[in-house]
Every structure is written in C-alpha cells, then in structure tokens.
Amino acid sequence: MTDEQATPVTATTPPLRVAIVGTGAIAHAHQQVLATDPGVVTVAVADPNPQVRDTFADRYGIDGRYDTLADLLAAQPVDVVHLCTPPGLHREQAVAALRAGAHVVCEKPPVLSLADLDAVLDVAEEVGRQYAVVFQQRTGTAVGHVQRLLADGELGRPLVGVCHTLWYRRQEDYYAVPWRGKWATEGGGPLLGLGIHQLDLLAFLLGEWAEVDARAFRLARDVETEDTSTAVVRFANGAVVSVLTTSLSPRQTSYVRVDTTLGTVEVEHLYGHDARSWRLTPAPLVTGGTPEPAPASWTLPADDEPSGHTPLLRAVYEALRTGAPLPPVAADPHRSLELVTAIYASASLGRPVTKADLAPGSALRDGFLHGVEDLRDVDAQGVVAGERPDGGA
Ligand SMILES: NC(=O)c1ccc[n+]([C@@H]2O[C@H](COP(=O)([O-])OP(=O)(O)OC[C@H]3O[C@@H](n4cnc5c(N)ncnc54)[C@H](O)[C@@H]3O)[C@@H](O)[C@H]2O)c1
C-alpha cells in the first residue's frame, strides 16, 4: 500500500476522478451508484460506439468522451477505472489502467483464465493499486449474516448443497451480441457469464473447493460454447454440492442451498437477494421435533440491505479512500474463477479435477479459451453427436 493510498479522507480531500470504460448495459449500474457518492466524480468514458457512449455521457453529464481507454488515459489523469467491457478485453485494459496509476473496478468475469488473473494481480501489487472485481451476490446484510454463522460453526458442519443458475437467454437478442457465445471473446458460456454469480456466492459461504466432476452440453443454442453444464463440487470442508447452470430455463431462478448438521440454509432469487429471499430451517435435533423457533442467532438482521452494486461499490470505495485492503465482498476473485475453470477442465478431460490440477504453473491454469473438448452436442431428437440412439458408440 502506498502512502498516497493511505491518506485519510478530509473535508478538503478532492473527489476521486473516475472513468468508465464500456458504456453498455451494466455501466449504468456503476454510474448510478457513483452518482450518489459525493467523494467521486465521473470525469470520462470510453466506448468505440459513439452513439452508446454519447447517450450515456449525456444522460449522466460526463464531459470526457473517448473511443478507447488508451486515448482516455493519455488525455487526463484518473484515480479509478471501471471496466464494463466484454470479458475478453479485461486483462489488457486492467493492466493498462493499473500501469497508468489507477485502481481498477472490473465487472465479472475478472479475466479469461487463472493465469491472466495472476498476471493482473501481480501488476496491481507491483504498482500499489487495487484490482476489485464485481461479484455482487456476496453483498447484502443477509448473506453477510449467513456467512458468519457458517464460518463460526453456528450452523454446524456443511454436508450437502445445491447451486442452480436456471436462466433464459434467447438466440435472437442475447446471443446476437457479437462477443457472446464464443470462447475467444466471452471466454465461456453460461457457466462463466451467468453461473459464476451463484458459484461465487456458494464459495463465499463454503470456502475452498477440493474436487470437481463435471459435464458440459450444447442442447439448444447456436453458440460455440456450452449452453448447459452440470458438476459435482466437493469442498475442502467435506460438503458435496450439485451444480446446474443453463441459459435454457423459461421459469428462471437462482438457487443456492446448503444443508448442515444443524439446519438448511437456502436463498432463492433471480438477480439479487434480500432477507426475504433467505430461509433458515433448523434440523429436528435443534428444535427437538417441536415447532420451536430457530436459535436466536440465526435471525436475519432487521437493517436489511439487498445485495447489489450499491453495497459492493460503497465497500470498495471505502477501502480505496482509506488505503485498507479490499473488503471480503470484493477480494479473492480467484475463488469462483477456479471453480469455473475446474468445471470446464473436468468436462473437457472427462475426469475429476482437483485443486492441485490448477496449481500455479499447471497447464490448466492457463485457461479455458480453447473450449471444452468433450462438449456434448445434443440434436433436436435428443441424440448426442457421435453416439447412436440405441446407446452404442
Ligand atoms: N455484475 C452483473 O450483474 C453483470 C451484469 C451484466 C453484465 N456484466 C458484465 O459486464 C461486462 C459488460 O457486459 P454488458 O452486458 O454491459 O455488455 P454490453 O455489450 O452491453 O456493453 C459493453 C460495451 O463495451 C463497449 N466496448 C467494446 N469494446 C470496447 C473497447 N475496446 N473499449 C471500450 N469499450 C468497448 C461496447 O461498445 C459496449 O457498449 C461483461 O463482463 C459482463 O459479464 C455483469
């Protein structure tokens, strides 16, 4: 941490100068939070699409407008760069912004491989700047409470779980965006683009994973990547979780469930949760089989704040202003990227993948850009490519 970062905020501290790179859909969520922070001013945006860029800049009254991040960085100094660009650009843009002296707040997925993430974090450390990744499902008072109960053992030992991302994305609009559905530009299918949110929440609750056994399928979308994947994840604490991720489910839901020796914790929502989305059910041994209430410590806090970009960016900016390390809601971007990598690697290799398989220096750490080799292509008759309908090879 540099002295400059550790400078306390005072009434005379000038606002942090922020730039947003990529002014598409998610950039609005960023700017709408930034606009509520009196210690921040968005001074510039960069996007090669002049119409999208100017509409955004006009709407929020932002003066600096550039085609590229390089032009922006050359033209004016900024303290923080928000990357709201397609995932394939995150590595190069994060390194450029960090080397220009800015902190980076990057949309998920952080980059397209663990090796790339190592490289970006190395640069951040070298230049004394932060690289915060937006995994907003970790935020909100309810998840913080549940995470503490699990970490303190108040919910007993986690045994089994479920992690579902059952979302619906159409060919005609979602997959019509040129960077989507391709290994080189999106880096993966719904597992990386959508399911990573619930995997990140799951891993925030359960900690380190140990082993993954997975399959990937292309059932109904005309994409290069998978549109559906399944996995069994064993965590280091022994818990076994079944993961299903797809972009083919018309009744959409996001669902994470952990059954422990003392009870069941569940959250069901779509893109964000609050206390009403969570349910904690004590096991009969806690209640003695009678309708006693759950232990008082399980009660979710009354000052409920939903998950989302607001609590995440607020916590990140608090750290940036004070020079503190990134808070747990924005730190450790490896955790969910490792799970995604392990799922693609296991589906590709046709065998379980362990934490050791992804150790620094291993070939698998270098990513999943090449795609899943054993992708199960299923046609309209339900036949898997290369397999006969009678089950023969
Ligand atoms: N946290 C969330 O809930 C959430 C939700 C949606 C998207 N995302 C993530 O946000 C990122 C962007 O997604 P989106 O849905 O906003 O995509 P989008 O396609 O709507 O917007 C991306 C923008 O980046 C611009 N762009 C392309 N190349 C650029 C370049 N070289 N320099 C600057 N700008 C460039 C495009 O013109 C476009 O306006 C992705 O990583 C995505 O996974 C996160």
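The following dialogue considers the ligand and the two domains of a predicted model.

Trainee: How should the model and its numbering be read?

Mentor: Residues are numbered from 1 along each chain as its sequence is written. Because the model is predicted, local features need pLDDT of at least 70 and side-chain atom pairs count only at pLDDT 80 or more, while totals for chains, interfaces and linings use all residues; side-chain values use heavy atoms, leaving out hydrogens and water.

Trainee: Which residues surround the ligand most closely?

Mentor: A residue is near a molecule if one of its heavy atoms lies within 4 Å of it. Here 25 residues surround the ligand, the closest being Ile26, Asp47, Glu107, Lys108 and Gln136.

Trainee: What polar contacts does Lys108 make with the ligand?

Mentor: A polar contact with a ligand is a pair of N or O atoms within 3.5 Å. An N or O atom in the side chain of Lys108 is 2.9 Å from an oxygen atom of the ligand. Ile26 places a polar backbone atom 3.0 Å from a ligand oxygen.

Trainee: How much of the ligand does the protein bury?

Mentor: Accessible areas come from the Shrake-Rupley method with a 1.4 Å probe. The ligand taken alone exposes 850 Å², and the protein buries 79% of that.

Trainee: Where does the ligand lie relative to domain 1 and domain 2?

Mentor: Domain bounds come from an automatic or database domain assignment. Domain 1 (3-134) and domain 2 (138-306) both give residues to the shell around the ligand, so the ligand lies between them.

Trainee: How far apart are the centres of the domains?

Mentor: Taken over C-alpha atoms, the centres of domain 1 and domain 2 are separated by 29 Å. Their contact (heavy atoms within 4.5 Å) takes 6 residues from domain 1 and 10 residues from domain 2.

Methods. Polar contact = N/O pair within 3.5 Å; in protein donor to acceptor, adjacent residues only side chain to side chain.
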